Amino acid sequence: MLREIAHLSKGVILITGDAKKITRIFLNAWLSNGMTFLAEHLPFDVKYPGNVFIGSLNEGIEFDGYLIYNLLSRPKNERARVYEWIKEHSNKLILIYETKYMKDSVLRYGIKELINYLIAYKRETLGFERIDVYKFEEGRVVEKKTYVRRS
């Protein structure tokens, strides 16, 4: 399912758990295909910095993709405004990067109706990393896969 996400050209992906490494891999894959991104904040370096612009979502210029930073940590009225923006830009690739770990608790937020994929990253004890990937359709989980890596 991770390969499927890397080949997306549109859709909404929510990555939780401060997963810088996997987010960087996805972003570099899309940037290597010539896509341009607008990022509210970029918490890591990318291989193609010329294709990433830092700014507000309301820049007025269209980009191929957008990186929204810590959306679920914002006040409710600001989240609602961004949800509306996401609905208007559903034909674009939107990556929502959340530093807090959220998995099942995402289902309590209105974002569940908008996302196509949820990637929940967690560093477990004893040197394990766990990535839970959920595929959503119309606010419901239709597929789930778990990846575990020993570091």
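Helices (H or I, at least four residues) and strands (E, at least two) are DSSP runs, numbered from the N terminus. The model is predicted, so that local features need pLDDT of at least 70 and side-chain atom pairs count only at pLDDT 80 or more, while totals for chains, interfaces and linings use all residues. Residues are numbered from 1 along each chain as its sequence is written, and side-chain values use heavy atoms, with hydrogens and water left out.

Select helix H2, residues 20–32, to begin. Its end C-alpha atoms are 18 Å apart, in agreement with the 18 Å that its 13 residues should span at 1.5 Å a residue, the expected span being 1.5 Å times one less than the number of residues. After H2 comes Gly 34, whose phi is positive, near 90°. Colour the buried residues of H2, which are Ile 22, Thr 23, Phe 26, Leu 27, Asn 28, Trp 30 and Leu 31; buried means under 20% relative accessible area, exposed over 50%, partly exposed in between (1.4 Å probe, protein chains only).

Turn next to the sheet, which is open and has eight strands in the order E3-E2-E4-E5-E1-E6-E7-E8, with mixed pairing; two strands pair if DSSP finds at least two bridges between them. At the edges, strand E3 (52–54) and strand E8 (140–150) each pair on one side only. Within the sheet, E1 (residues 11–16) and E6 (residues 117–123) run parallel and are joined by four bridges, and Leu 14 stands opposite Leu 118 in E6.

Now show the largest nonpolar core (a set of buried Ala, Val, Leu, Ile, Met, Phe, Trp, Tyr and Cys residues joined through side-chain atoms within 4.5 Å). It has 26 residues, and those touching the most other members are Ile 5, Ile 13, Ile 15, Phe 26, Leu 27, Trp 30 and Ile 119. H2 gives the most to this core, with five residues. Apart from it lies another core, of 24 residues, among them Val 12, Leu 72, Met 102 and Tyr 109.

Finish at Leu 72, in the loop between E4 and H3. Leu 72 is buried, with a relative accessible area of 3%. Not counting residues up to four places away in sequence, Leu 72 touches Leu 14, Arg 79, Tyr 83, Glu 98, Met 102, Val 106, Tyr 109 and Ile 111, where contact means heavy atoms within 4.5 Å. From Leu 72 to Tyr 97 the C-alpha to C-alpha distance is 9.3 Å, although the two are 25 residues apart in sequence.
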